[in-house]
Every structure is written in C-alpha cells, then in structure tokens.
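Let's take a walk through this protein together, one piece at a time. Have the model open and turn it as you read.

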Amino acid sequence: MERMRPTAIIFIGTAGSGKSSVSKMAARELRAAYLDKDTMVTPLTELVLRERGEDPQQRESSAYYREAVFPAEYTALMRTAADNLRLGIPVVIDAPFFAFLGDASYLRRAKAESGWPESDVFVVRVVAADHIVRERLVSRGLSRDRWKLDHWDEYLAMMQGVRCTWDGAVHLELDNSGPQPDLAVLEEAIRTAGRG
C-alpha cells in the first residue's frame, strides 16, 4: 500500500458559519480523524471552572481560563492531531483558534511543540452571509451566543477584522451560505499538494 504524506485540514470560522458541519463532511469524505476541540475538552474545562467556583459558561471572562486552561486546550488538540498524523491518519481539526490567528508563527511553533511529522497543512476559513450566521445563532439557542446576539454589530466588526496569518499552510476560503458547501476546491488543493 502506498504511504500518503500526512495531511491536516484545520477549519476555522465564526460561530454560526457552519464550520462544524463542513468539517464533519470533509472528515467523512477524506476518511480522516475528526478532532473537535469542544468535544475533546469542554467537559473537563467546565469541571475545572466549577471546582474553582467560576461559571463554566462564561469562560472568556475568567482570567484563569484565558491564562491557564485555554492554552492547555489547544495543546491537547495539537498533540492528539500529532498522534494521528504519526500513524499516517489524516486529521480534520474543528476549532476557532481566534486568539492565535494573528500570530504568523503560531502554526509552526505549535506543530514543533506537539511533535507533528512533516505534513501538508490546509487552513480552511468557513464563511457565511451575516444574516445567515445570525439566523443560525438564534436557531441553535446556546447561552454562549447571547453576548454575540445582544452586541451584534460589535461582534460582526470584531470577527470581520480577524484574519489567519499563519506561515506553513495553504489557506482556502469556503462559502457556506447555501444549503450544501462545495468541497471541490479543498479536494483539488489536496490532490495538487499530493503531486508536489
């Protein structure tokens, strides 16, 4: 059997962009390990915050969460990705990474610290029309979205100013405004990388 070069696809995007739906679809198509940061760490994070007497639903307002727990969440995510990549299993990572997107060296540093093998890395920014994002947030009814909806214009301005600047990856954008995203651009990018 021909050994494939390890491949990681990192899906980023705002809440309501449909990032999770698209990344699950891609993982299914590519037969990749699907790593969702929230699934991996949220129960433990909430337990830690409750034990400290903090509200687990208000993580961003907790200095302890931001300074200690948050970096550990991403360390766990990147190490789990490394385990799969070293086994030759492609990975799809579903996580916002917002605090790290403006740091051009973040990806190279995180890969080195986590022990990633040489890999093809694709960063796919999932986007959707503003009104569709808002409809999705209202529809899912999560308490963590309350601030976003109550401060919609401020939230939009903040999210529109966020761009991924990471070195060492192929950057793609996927519009998920319609009923079914088209993964053809991603599939072609992976095929092209495989021929390189």
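Which residue in E3 does Ile9 stand opposite? Look across to E3 and you'll find Val92 there. Keep in mind as we go that this is a predicted model.

That pair is a handy way into the sheet. Strand E1 covers residues 7-12 and strand E3 covers residues 91-94, and the two pair in the parallel sense over four bridges. Now zoom out a little: five strands make up an open sheet, with parallel pairing, in the order E2-E3-E1-E4-E5. At the edges sit strand E2 (33-36) and E5, each of which pairs on one side only. If you look at how the strands are set against one another, neighbours in this sheet are turned by 20° on average, direction ignored.

A general point helps when you look at any strand here. In a regular strand, side chains alternate between the two faces of the sheet.

Let's move on to E4. E1 and E4 run parallel and are joined by six bridges; one spot to check is Ile10, whose bridge partner in E4 is Val123. E4 and E5 also run parallel, and six bridges join them. There, Val127 has Asp175 in E5 as its bridge partner. How many of the eight residues of E4 are buried? Seven are, so E4 is largely enclosed by the rest of the structure.

Next come the helices that lie across the sheet. Helix H2 (residues 37-51) lies across E2 and E3, and its direction makes an angle of about 45° with E2. H3 lies across E1, E2 and E3, running at about 170° to E3. For a closer look at H2, pick out Thr45, which is found in this helix. Is Thr45 buried or exposed? Its relative accessible area is 4%, and because buried means under 20%, Thr45 counts as buried. Leaving aside neighbours within four places in sequence, Thr45 is in contact with Arg59, Tyr65, Val69 and Glu73.

Now for the charged pairs. Side chains of opposite charge can pair when their charged atoms come close. Searching the whole structure turns up seven salt bridges. One of them is between the side chains of Asp83 and Arg86, at 2.7 Å from N to O. Both residues belong to helix H3 (residues 63-86), where they sit three residues apart, about one turn of the helix. Asp83 is partly exposed, at 41% relative accessibility, and so is Arg86, at 43%.

Another salt bridge links Asp103 with Arg109, and here the closest N and O atoms are 2.8 Å apart. Asp103 is partly exposed with a relative accessible area of 28%, while Arg109 is partly exposed at 35%.

A further salt bridge takes us back to the sheet: Glu173 pairs with Arg125, with 2.9 Å between the closest N and O atoms. Glu173 lies in strand E5 (residues 170-175) and Arg125 in strand E4 (residues 120-127), so the pair ties together parts that are 48 residues apart in sequence. Glu173 is exposed, with a relative accessible area of 52%, whereas Arg125 is partly exposed at 21%. Elsewhere, salt bridges that share partners join Lys37, Asp38 and Glu73 into one network.

Two loop residues are worth a stop. Arg31 is in the loop between H1 and E2, and its phi is near 55°, a positive value in a residue other than glycine. Phe97, in the loop between E3 and helix H4 (106-114), has a positive phi too, near 60°, and is likewise a residue other than glycine. Their surroundings can be read from their accessibility: Arg31 is exposed, with a relative accessible area of 76%, but Phe97 is buried, at 0%.

Finally, look for open space. The largest pocket has a volume of about 1,400 Å³. Which residues lie nearest its centre? They are Ala15, Glu60, Pro96, Arg144 and Lys148, from a lining of 45 residues. Several elements each supply at least two residues of that lining, among them helix H1 (19-30), helix H5 (130-140), helix H6 (146-150) and helix H7 (152-160). E2, H2 and H3, which we met earlier, each supply at least two as well.

Notes
Residues numbered from 1 in each chain as written. Predicted model: local features only at pLDDT ≥ 70, side-chain atom pairs only at ≥ 80, totals over all residues. Heavy atoms only, no water. Salt bridge = Lys/Arg side-chain N within 4 Å of Asp/Glu carboxyl O. Buried < 20%, exposed > 50% of the residue type's maximum accessible area, 1.4 Å probe, protein only. Pairing = 2+ DSSP bridges. Axes fitted to C-alpha atoms, helices over the stretch in contact; angles between N-to-C directions. Contact = heavy atoms within 4.5 Å. 1 Å grid on protein atoms, 1.4 Å probe; cavity = no way out; pocket = protein on both sides within 12 Å on 5 of 7 lines; lining within 4 Å. Points joined across faces, edges and corners; volume = space filled by probe spheres on them.
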